[in-house]
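Colleague: I would like to learn how to read helix packing, chain contacts and burial in a model of this kind. Could you take me through them one by one?

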Amino acid sequence: MTARHEFNRRRFLQGSAAVAGGLMLPASILSACGDDGGSGAALKLARPDKPVTLPTVGDAIANGLSHEGGTLQILNYVDYLNPDVLARFEETYGVKTAVTTYDTEEIALNKLRSGAYQPDLILGLTESVLPRLVAADLLQPLNKSYLSNFNNVIAGLRDPYYDLGAQYTVPYIIYSTGIGYRTDMDVDTSYFDSGNGWDILWDPAYSGRLGILDSYRDVIGSVLHRNGADINTGDQKVLDTVLADLQAMTAATNPKIDILAYTEIPAGTRVVNQCWSGDMLLGVWYLPEDAGWDVLGYWQPDDMVTGNDLFCVTSKSSRPVLAHEFINFFLDVDNALENFGWTGYQPALEALPASTLIEWEYVPAGLENALITPEQYAAGNRGVALEPEVDARWTDVWAAFTAG
Amino acid sequence: MRRNSDGQWLWGLLAGPGTTWLLLLFALPFYGLACMAFGEIDPIFRNAVPAWNPLDWQFENFGDVMHEILFGSQRRVFVRTILYVASAVVLSFLVGYPVAYYLARHAGRWRGLLLALMILPFWVNYLMRMLAWVNLLQVDGWATRAFSAFGLQYNWLDGKAITVVLGLVYGYVPFLVLPLYASLERLDVRLLEAARDLGARPGHAFRMVTMPLSRPGMMAAGVIIALPMFGDYYTNDMLSRSPRTEMIGNQVDFYINGTSQPQKGAVLVLVLSAMLVVFMSYYLVSTMRMQRELQA
Amino acid sequence: MNPLLRRNPWRRPVVLATWTWLYVVWMFVPVIIAFMFSFNGGRSRSVWQGFSLRWWTEEPNASLLHDESLHTALRNSLVLAILTMLIATPLGVALAIGLARWRSRVAKGANWLMLVPLVTPEIVMGASLLLIFSNLYTGVPLGRPAQLLGHVTFSMSYVVVVSRGRLLSIGRDYEEAARDLGATAIQALRMVLLPLLAPAILASFVIVFAMSIDDFVISSFLSSGAASETVPVRIYSAVRTSSTPALNALASFLVISSLVALALGMVGMSVYRRRRGDDSDGESVLTEFAKFEM
């Protein structure tokens with residue numbers, strides 16, 4: 001390895017441990033119809049080919065205000081921000097930040113609605129809860145005059161179908177769901193060459209050394225994708241098949257269910273693990289010192305299931321201007337790059353496409369395909385937000401699967 | 001007589017706040033759980049809306065979950081939970097009874113120290129004690145390596161029932177030893193002496209005198225560790241986290257904390273409580289009886 | 001009687017003694033090893049890589065001394081335990097006195113109600129509290145306020161049981177003597193009963209503190225995220241993600257805090273006893289605590 005490599009590896013790995021996160025299956029939009037989304041109105045699903053303008057609730061802040069100072073309350077997915085970048089934000093603006101984390105989107109939504117969480121800024125939620133956030137009057141429209149870096153965002157996401165005009169949201173990172181594996185431990189990569197790499201999750205050869213994500217949407221979505229079914233299906237028969245498949249998986253490979261691919265694969269205690277694209281990039285940091293970092297591999301289907309997480313400002317924020325400044329700060333290319341080095345998740349910025357990150361050697365050789373090119377992103381297999389009844393069916397399938 | 005009655009207002013006043021607290025934060029929430037289990041679903045947010053008036057209760061959700069418990073996937077979870085708890089309680093007795101017996105009868109000059117050591121685990125956080133085992137049982141952990149030296153090549157954290165059951169034993173046995181010790185210590189030694197004077201051999205005396213006399217204490221101690229085991233999910237999560245070892249608590253945790261269907265979790269909790277009510281009543285009645293004996 | 005038999009009537013304790021000491025080893029060695037690993041030089045929690053203070057003090061962001069999020073967890077645990085102790089103890093002591101003296105149907109009912117939390121699995125209490133706080137008592141935000149209410153609820157009954165034991169052994173004679181000498185009911189309570197209850201009150205403080213510190217389920221169900229994470233909640237979530245020996249340091253620190261609280265309680269108890277002229281050694285103080293734990 002060249003010195004430059006090592007240097008960049010260190011840069012890439014700077015900071016300390018991070019937990020990968022984010023939910024897969026980006027959702028398309030639900031548009032509220034009927035009255036303003038008050039109780040009783042049904043939320044209707046729209047597909048990517050039916051973009052939605054979210055209903056306007058409340059006003060954006062006025063132009064030209066100076067920020068409020070004080071402490072910015074941030075609600076974030078677990079360890080999903082580089083503390084060094086955060087510290088520099090505090091320094092730059094002479095403010096403090098307090099980060100609260102959430103485990104799942106459902107919990108976050110419930111706690112936001114009950115008032116248990118009262119953040120100024122939310123970071124990491126996906127489109128699947130967006131319409132409900134808006135319907136519950138929890139978000140405020142953004143004022144782009146504070147977001148001078150907004151044009152750094154990937155072109156295709158400046159006017160996203162789930163929030164036409166990007167009224168409420170700015171994309172934070174993009175990701176896909178696939179399979180991480182060891183290249184040096186006799187993993188049969190022909191599964192990945194043949195196209196349907198998901199099948200490896202049922203190969204008894206990896207029993208006890210295999211894991212899947214602790215996320216019902218990702219797991220059921222992947223099995224649906226493997227079966228060639230609609231990855232957002234609400235069809236009970238199709239879902240019953242998924243349950244049977246999952247139970248067969250338990251019998252064949254006894255998968256671990258957690259989000260630890262980024263530590264377990266590098267440690268070698270697992271050789272195959274369903275994971276998010278950021279996990280293997282992050283995993284480099286967890287490799288034992290004597291291991292070369294080409295031992296990590298990542299596969300994702302050609303018609304990848306991709307998505308992006310969001311920045312949102314809450315309607316009751318007491319520091320909306322500072323929240324805008326925060327978003328703008330993270331849309332800055334250098335800051336985003338440094339944040340990427342810690343979280344392992346790809347910023348949704350035009351200036352940092354996969355090719356650039358590879359060229360700058362921010363990504364170890366062999367893991368290039370853990371990055372998502374703009375073309376791949378655009379062609380990605382979009383999951384949509386599930387209707388409540390469908391979501392209930394999915395959770396029941398998951399409960400039955402985990403019941404063993 | 002006079003005095004007994006004229007202090008009454010004071011006693012009522014003293015008992016008032018605590019009683020009100022328990023009504024508002026223990027009894028009413030439990031009722032709320034039922035209202036949730038029998039409530040309705042908000043059409044947009046899909047969260048359960050509790051029905052506070054029993055006349056409005058709907059039974060569809062309850063029926064769905066009951067069906068799963070009786071015939072579906074939840075049945076496996078319930079059966080497994082009962083088996084695990086039963087095994088863990090029996091093992092806890094095998095481990096803990098001799099310890100309590102030694103402490104009550106033979107510890108001699110070590111008694112003070114041993115008693116301190118028996119109380120000490122209460123002061124070591126439960127989660128820390130589990131964390132300790134998780135570290136030891138890793139593939140490269142010390143316990144795993146020690147076991148493999150004896151030819152026991154085992155991935156202990158790989159969804160093994162035995163790991164979960166032993167974890168429960170390790171976690172809860174201190175809660176068994178102390179009450180057992182208390183009940184054994186209370187036994188009248190003269191009864192044993194009498195048995196011995198009448199010619200009973202030690203084993204015989206133990207079976208005929210000690211065991212029967214300590215039975216109420218044993219029952220109470222068994223119940224007091226079985227109850228929390230039935231609701232335990234964290235021991236399992238830390239040591240296994242596999243569909244092969246899923247217990248009721250894990251399903252409750254999933255439905256209440258991880259989904260937008262808390263009403264299903266509420267039904268599971270209600271059914272679990274109904275199952276445990278026998279044990280709970282046994283413990284309460286025997287406690288009340290003991291209390292009355294003490295008062296007399 | 002044969003003196004040999006007298007001295008050694010049913011003594012055959014070698015096996016039992018061995019078993020008991022093995023039990024002690026089994027109970028404590030894993031915890032001691034976990035403590036030891038907080039001093040590990042590497043980032044593994046299972047493979048020893050040499051001694052260092054890295055995870056206690058040295059690591060600039062990730063050590064117990066420097067990681068803000070670990071401080072938050074510690075602070076939450078300790079503040080919650082102290083507040084719970086200060087609220088649950090007076091409530092429980094008053095309830096115990098009230099129930100022991102009050103003759104009414106309400107008292108009988110309250111007596112039963114008070115016992116039920118002792119046998120209710122935590123998950124039942126945690127689930128019902130979470131649902132009530134998010135649906136009825138919406139004015140109580142999740143996080144420390146809700147956690148505090150929950151902790152007081154599950155620990156109050158222990159205070160009642162502890163105090164009641166003491167009340168029974170005190171009996172009513174002192175109080176009646178005071179009343180005969182002209183004290184009002186309140187005076188008798190304040191000047192006679194409460195001082196006599198002091199050991200139970202002290203023990204309650206210590207026990208409630210320990211229970212609150214040890215609690216995982218209620219704290220977890222009623223938490224509102226990282227800001228209200230307690231140490232057990234942190235351990236639980238960190239075991240599932242990857243974490244460094246700083247986690248062991250955090251857990252060890254909490255155990256040390258609990259032991260300090262226990263030691264303070266014991267010192268308090270012996271001071272109290274000495275002042276009252278009981279001669280007591282550490283063992284009898286411990287026995288006292290042991291009795292309360294049951």
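Modeller: What follows takes a helix pair, then a chain contact, then a single residue. The model is predicted, so local features need pLDDT of at least 70 and side-chain atom pairs count only at pLDDT 80 or more, while totals for chains, interfaces and linings use all residues. Residues are numbered from 1 along each chain as its sequence is written, and chains are lettered from A and ligands numbered from 1 in the order in which they are written.

Colleague: At what angle do helix H7 and helix H14 of chain A pack?

Modeller: Axes are lines fitted to C-alpha atoms, for helices over the stretch in contact, and angles run from 0 to 180 degrees between N-to-C directions. Here H7 (residues 236-253) and H14 (residues 388-402) of chain A pack at about 25°, with axes 10 Å apart. That makes H7(A) roughly parallel to H14(A), a term for angles under 35 degrees.

Colleague: How many residues does each chain bring to the contact of chain C with chain B?

Modeller: Two residues are in contact if their C-beta atoms, placed from the backbone, lie within 7 Å. Chain C gives 77 residues and chain B gives 83. On the chain C side, the largest share, twelve residues, comes from helix H2 (residues 14-37) of chain C, helices being DSSP runs (H or I, at least four residues) numbered from the N terminus.

Colleague: Why does C:Leu259 count as partly exposed?

Modeller: A residue is buried if 20 or more other C-beta atoms lie within 10 Å of its own, exposed if 12 or fewer, and partly exposed in between. C:Leu259 has 14 C-beta neighbours inside 10 Å and therefore counts as partly exposed; C:Leu259 lies in helix H12 (residues 246-275) of chain C.

Terms used: Helix = DSSP H or I, 4+ residues; strand = E, 2+ residues; numbered from the N terminus. Parallel < 35°, antiparallel > 145°, perpendicular 65-115°, else oblique.
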